[in-house]
Amino acid sequence: MSKVAAPAATKAAATSKNNNSLLKEKGKQEDVRTSNIVAGIAVADAIRTSLGPRGMDKMIVSPTGEVIISNDGATILKQMQVLHPAAKMLVELSKAQDVEAGDGTTTVTVLAGSLLNACRKLLSKGIHPSIISDAFLKASAKAQVIAKEISTPIDLKNRESLLDSAKTSLGSKVVSQYSDILAPIAVDAVLHVIDPEKATNVDLSDIKIVKKLGGTVDDTQLVKGLVFTQGAVRSAGGPGRVKNAKIGLIQFQLSSPKTNMDSSLVIESYGEMDRVLKQEDVYITKLVAIIKRSGCNVLLIQKSILRDALNDKSIQLLAKHNILVVKDVERDDIEFISKTTGAIPIASIESFSTSKLGSAELVEEESTSEGKIVKITGVPNAGKTVSILVRGSNKLVIDEAERSIHDALCVVRSIVKERFLVVGGGAPEIEISQKLYHYAKTLSGMDPYCVRAYAEALEVIPSTLAENAGLNPITIVTELRNKHAEGAKTFGVNVKKGKVTDLEKEKVLQPLLVTTSALKLSTETVCMILKIDDIVSVR
């Protein structure tokens, strides 16, 4: 009897052990998934208060003591020291939105946080992560189709619509009060570097944003040419204004040469010193003579860390020949200068020739409250490049103005890439949410539950806009649902008036690409987080 019972008891013990290990494995998967979801929601909640025109600003202090004030989602998340691997995915998500559309970086993160919250509720009901993921991807694809249906096409010749979109983007920034000045600059800059008939994208490297401290944001201007934040070298009385300029762009220095290896020169008498100084003068004189002979009357010299760009002798000779000199040109700017003026970078004096010179109608030094700048205007390649000179009373304002102009440029670029506009203020999200509720009724199995959860998660955008504006989110969202159920597709949250209005009449417009990109990228990130069931550390 005991011989038969022993194997049965052993088998039961083994089965019990397997069941326990399966339960432990399942529990571990749930813990990992919950940890990832909570981390993602925490990141979204951190910047949720920055959404919309009435959103709050964040003051970011770096370990070195540098202070940044911004309400741009990508800027805030980039500066945050996020440690959790799943939370880092939301940081990368905002970067991806910044690259794809340039705007909506806060929206995409808040949307992802809301979708993760919806996932947590669905998981608690026992729905498998793969089913939720597949249903969310279906809902996302349908949402993008609905967004296209409710959008309106735009002609790039319609400058007013482009201005409205740029102003909507700037309306949520720290410098929003200057949107009437900055929006036309951003629109004109983009239209200047593209052909509106044929363009399908905009190379933003053709638009250079130059910052100069002093003045106010009102003094920001569009320059159809080049701007240097350093003044001309005039210590020996050189010219400050040159018409019909012939521009030389050199990557070598007009100062005493140095040996290729460390060596020391021992001078034992005054005679030897005189000979060395005389040879230096002869060397510099030859260099300047070659430059003058080519017809060059404006010289741009690349910055060097090895030796001085100029010495006293070269400054004196260049001033004598009426050649305007700008030194310390950054290496990164060489390509832009070459493209703008037509000047070919010259690496050595032997290759200096007239054929490599660029041209411009006017090169002029101008005085500002914080020093001097040099402007090059009337360039031959007008239409290829443009510069924006940003002014501001302090570094914090000028940096935020630069980020805001970049976002406005990206908004116009998004319209060039996909020539459709939708209204803002949470109107598209509510309309898509309503349509997805109807779409869920056509599905079977677990999909309707998941699609309805996705639709409900989209309402976080109008809800947050209302909350940040000090309005009652429940009242606002309920009113929006009623308006959209009646067919008023363009009604959204008007935070300035504190109520629900027709935002198409209020000219609150944004590119379709910003909305579709936010839907697509946030859904993909959430599905990726959802499918992670373990975190493995590799040493």
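## The largest pocket

About 870 Å³ of space lies in the largest pocket. The model is a predicted one. The lining of this pocket counts 46 residues. Pro53, Thr168, Ser169, Ser172 and Val508 are the ones nearest its centre.

Several elements build the wall. Helix 4 (105-124), helix 6 (159-170) and helix 7 (179-193) are among those that supply at least two residues each. Helix 12 (427-440), helix 14 (460-468), strand 14 and helix 16 (512-530) also give at least two each. By class, the lining of the largest pocket has 14 nonpolar, 20 polar and twelve charged residues.

## The second largest pocket

The second largest pocket holds about 490 Å³ of space. Its lining is made of 19 residues. Closest to the centre are Ser114, Lys121, Glu456, Ala457 and Glu459.

Helix 4, helix 13 (447-458), helix 14 and helix 15 (473-485) each give two or more residues to this lining. Helix 4 and helix 14 also supply at least two residues each to the lining of the largest pocket. In the second largest pocket, the lining divides into nine nonpolar, four polar and six charged residues.

## Helix 12 against helix 13

Two packed helices are described by the angle between their axes and the distance between the axes. For helix 12 and helix 13, the angle is about 170 degrees. Their axes lie 8 Å apart. Angles over 145 degrees count as roughly antiparallel, so helix 12 and helix 13 are roughly antiparallel to each other.

Both helices bring a set of residues to the contact. From helix 12 come Glu429, Ile432, Ser433, Leu436, Tyr437, Tyr439 and Ala440. From helix 13 come Pro448, Val451, Arg452, Tyr454, Ala455, Glu456 and Leu458. Ten of the contact residues are nonpolar, one is polar and three are charged. Glu456 of helix 13 also appears among the residues closest to the centre of the second largest pocket.

## The six-stranded sheet

Six strands form an open sheet with mixed pairing. Their order is 6-11-10-7-8-9. Strand 6 (225-228) and strand 9 (324-329) are the edges, and each pairs on one side only. From one strand to the next, the twist averages 30 degrees. Helix 10 (residues 334-341) packs on this sheet. Helix 10 touches strand 6, strand 7, strand 8 (298-302), strand 9, strand 10 and strand 11 (371-377). The direction of helix 10 makes about 140 degrees with that of strand 6.

Inside the sheet, strand 7 (residues 241-250) runs antiparallel to strand 10 (residues 358-368), with six bridges between them. Alanine 245 has alanine 360 of strand 10 as its bridge partner. Arginine 241 stands opposite glutamate 364 in strand 10. Strand 10 is also joined to strand 11, through seven bridges in the antiparallel sense. There, glutamate 365 faces valine 374 of strand 11. Strand 10 and strand 11 make a hairpin, with two residues between the strands.

## The cavity

Rolling a probe the size of a water molecule over the atoms shows where empty space is left. In this structure, one cavity of 30 Å³ or more is found. The largest cavity holds about 50 Å³ of space.

Val233, Gly238, Leu310, Ile315, Leu318, Ala319, Ile323 and Val325 form its lining. Helix 9 (residues 312-320) gives the most, with three residues. By class, the lining of the largest cavity has seven nonpolar residues, one polar and no charged.

## The three-stranded sheet and a hairpin

A further open sheet has three strands in the order 3-13-16, with antiparallel pairing. Strand 3 (152-153) and strand 16 (509-511) are its edge strands, each pairing on one side only. Strand 13 (residues 420-423) is joined to strand 16 by three bridges. Across this pairing, valine 423 stands opposite leucine 509 of strand 16.

Strand 14 (residues 491-494) and strand 15 (residues 499-502) pair over four bridges, in the antiparallel sense. Phenylalanine 491 has aspartate 502 in strand 15 as its bridge partner. Strand 14 and strand 15 form a hairpin with four residues between the strands. In that hairpin, glycine 498 takes a positive phi near 75 degrees. Strand 14 is also one of the elements that supply at least two residues to the lining of the largest pocket.

Notes
Residues numbered from 1 in each chain as written. Predicted model: local features only at pLDDT ≥ 70, side-chain atom pairs only at ≥ 80, totals over all residues. Heavy atoms only, no water. Pairing = 2+ DSSP bridges. 1 Å grid on protein atoms, 1.4 Å probe; cavity = no way out; pocket = protein on both sides within 12 Å on 5 of 7 lines; lining within 4 Å. Points joined across faces, edges and corners; volume = space filled by probe spheres on them. Nonpolar A, V, L, I, M, F, W, Y, C, P; charged D, E, K, R; others polar. Axes fitted to C-alpha atoms, helices over the stretch in contact; angles between N-to-C directions. Parallel < 35°, antiparallel > 145°, perpendicular 65-115°, else oblique. Contact = heavy atoms within 4.5 Å.
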